Amino acid sequence: MERNPIFHQTRLRLAAWYTLVMGGILGLSSLGVYSVVAHAYYETIDQGLQSVANALHKSIEPAWQQPGQLQRLNKEFSLELCVAQTNCLPKTTAIKKSITEAANPVNYYIRLLDSSGKLFASGGMEFDKLPITSELQYWQILTDSSGTRYREITLPLYTQKQVSGYLQVARSITDLDQHIAYLRLALVLGLPISMIFVGLSSWWLAGRAMQPVYLSYQQMQQFTADAAHEFRTPLAAMYSTIEAAIKLQQEPKSNGGILDILKRQNRRLSQLVGDLLLLTRIDQKELTGEYQSCCLNDLISDLTEELAFLAVETNVNLSKQVQVSEKLYVMGNEEQLYRLISNLIANAIQATSSGGKVTGFLEKSELYAMIKIQDTGIGIAVEHQQRIFDRFYRVDRDRSRTSGGSGLGLAIAIAIARAHKGNIHVQSQPGLGSTFTVRLPLSS
């Protein structure tokens, strides 16, 4: 399968599409997992922080704006509490140590603000590390000068059913950021690794899926080769018999026309059989050992001279333009390259009406030789340009039959080009002509 470019490219496209689809699915799944896990982390932290804030709020609100009661709050919560940033109360560390031991490196703080949003008292970590925002939101995230982020909840404190202050409780979310960073790293590293395995498995699956098709293709190819080979002997015998009958006929005018028709059709059928055998040999890589250095300058010149009679018969001007000063050589089979260029020139002449022009160009582009066959013929519609290289495909069937075409000329041409590690590209507009460009790698 790897030796056949059509099946190799098809398998590559199937594997690429499968990998692309699976990559999209895995990417969306990873994004979903990341969102769900991150949301779950935030929800857990918010629930714990809200529980702590509600408990503190129930104890602080009755003693709010009663300075004598703040002493009791200090003993009750075992926090370092400073009123108006002076006269700090004695430090007690019972809860502080338990918090540190249970949630290290989590840091908590408590802030009490008056009704205007100014700091009244604070506890826990040093309050001057975090700014007091002008907008007091229920939930918000703050960042201190060292880059540590904190999740903060703000609850109003009421006096006689009016807001007279605010309680702010926050905790460090460094642990959350670390967990999210680890999750993000796992997804970022895991997705490419998964894509590698998906790509390899898709390549294997594409090969398995195409194996029956390839076996059928091989059987059809072998049948075509065997049938074409078997046809050659009877066709040769028929041709010899017709030639002998023409020479031995007593009255040439009576049946000479019939014999000439038989001879012409026999020759056409023999040519078709030869084309099928050539395609089979190219597909099966049976001619690679016959490659040698071939001069494209000589091929262009010889073909221009040899096909001049065909151009004269149809009143078409056939010319060449060699736009390189040196000789261009490629490694290949000279007979096949001759057939490649002659097919393109012959097709161009047949597609060009009387008085038109067909020009063969020889150019050089970096490491490639470029052969361009340009005509001023009828052109090819866009919908046909992708199929003209298919076997037995003809754009104008009626015209092809009258001109004797079998639909294999361009198929043979592109098969030869690919066998020589090159390709053929067509540019055409209906009514304006066509240009076939052959790219072949230069021999080093």
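Here are some questions and answers on this predicted model.

User: Let's start broadly: how many helices and strands does the chain have?
Analyst: Happy to begin there. The chain runs to 444 residues, and buried residues make up 38% of them. Its secondary structure consists of 11 helices and 13 strands.

User: What share of the contacts with a separation of 6 or more comes from residues 24 or more positions apart?
Analyst: Helix 1 gives an example of residues far apart in sequence, since Ala38 and Ile180 are 142 residues apart along the chain and 6.6 Å apart in space, C-alpha to C-alpha. Over the chain, among contacts with a separation of 6 or more, the share from residues 24 or more positions apart is 64%.

User: Staying with helix 1, is Ala38 buried or exposed?
Analyst: Ala38 is found in helix 1, which spans residues 5–63. Its relative accessible area is 12%, and the cut-off for burial is under 20%. Ala38 therefore counts as buried.

User: And how far is the C-alpha atom of Val33 from that of Leu187?
Analyst: Val33 also has its place in helix 1, and at 42% relative accessibility Val33 counts as partly exposed. Val33 and Leu187 are 154 residues apart along the chain. The separation of their C-alpha atoms is 9.3 Å.

User: Moving on to helix packing, how are helix 6 and helix 8 oriented to each other?
Analyst: Helix 6 (residues 296–306) and helix 8 (residues 334–351) have axes 10 Å apart, at an angle of about 50°. An angle between 35 and 65 degrees is neither roughly parallel nor roughly perpendicular. That makes helix 6, relative to helix 8, oblique.

User: What is the handedness of that crossing, and which residues of helix 6 make the contact?
Analyst: The crossing of helix 6 and helix 8 is right-handed. On the helix 8 side, the contact uses Glu334, Leu337, Tyr338, Ile341, Ser342 and Ile345. The residues of this contact divide into 7 nonpolar, 1 polar and 2 charged. From helix 6, the contact is made by Leu299, Ile300, Leu303 and Glu306.

User: Helix 8 also packs with helix 11; how do those two cross, left-handed or right-handed?
Analyst: The axes of helix 8 and helix 11 lie 9 Å apart, at an angle of about 140°. The two helices are therefore oblique to each other. Helix 8 passes helix 11 in a crossing that is left-handed.

User: How do the residues of the contact of helix 8 with helix 11 divide?
Analyst: Helix 8 brings Gln336, Leu337, Arg339, Leu340, Asn343, Leu344 and Asn347 to the contact. Helix 11 brings Gly409, Leu410, Ile412, Ala413, Ile416 and Ala417. The residues of this contact divide into 8 nonpolar, 4 polar and 1 charged.

User: Why is helix 11 described as largely enclosed by the rest of the structure?
Analyst: The buried residues of helix 11 include Leu410, Ile412, Ile414 and Ile416. Helix 11 covers residues 409–419, and it is largely enclosed because its buried residues number 9 of the 11.

User: Where is Asn315, and what is its phi?
Analyst: Asn315 has its place in the loop between helix 7 (308–313) and strand 8 (317–322). At 48% relative accessibility, Asn315 counts as partly exposed. Although Asn315 is not a glycine, its phi is positive, at about 60°.

User: Finally, is Glu366 buried or exposed?
Analyst: Glu366 has its place in the loop between strand 10 (357–365) and strand 11 (368–375). Glu366 has a positive phi of about 55°, although it is not a glycine. With a relative accessible area of 72%, Glu366 is exposed.

Technical notes. Residues are numbered from 1 along each chain as its sequence is written. This is a predicted model: local features need pLDDT of at least 70, side-chain atom pairs count only at pLDDT 80 or more; totals for chains, interfaces and linings use all residues. Side-chain values use heavy atoms; hydrogens and water are left out. Axes are lines fitted to C-alpha atoms, for helices over the stretch in contact, and angles run from 0 to 180 degrees between N-to-C directions. Helices (H or I, at least four residues) and strands (E, at least two) are DSSP runs, numbered from the N terminus. Angles under 35 degrees count as roughly parallel, over 145 as roughly antiparallel, 65 to 115 as roughly perpendicular and the rest as oblique. A crossing is left-handed if the near helix is turned anticlockwise from the far one by less than a right angle, and right-handed if clockwise. Contact means heavy atoms within 4.5 Å. Ala, Val, Leu, Ile, Met, Phe, Trp, Tyr, Cys and Pro count as nonpolar, Asp, Glu, Lys and Arg as charged, and the others, Gly among them, as polar. Buried means under 20% relative accessible area, exposed over 50%, partly exposed in between (1.4 Å probe, protein chains only).
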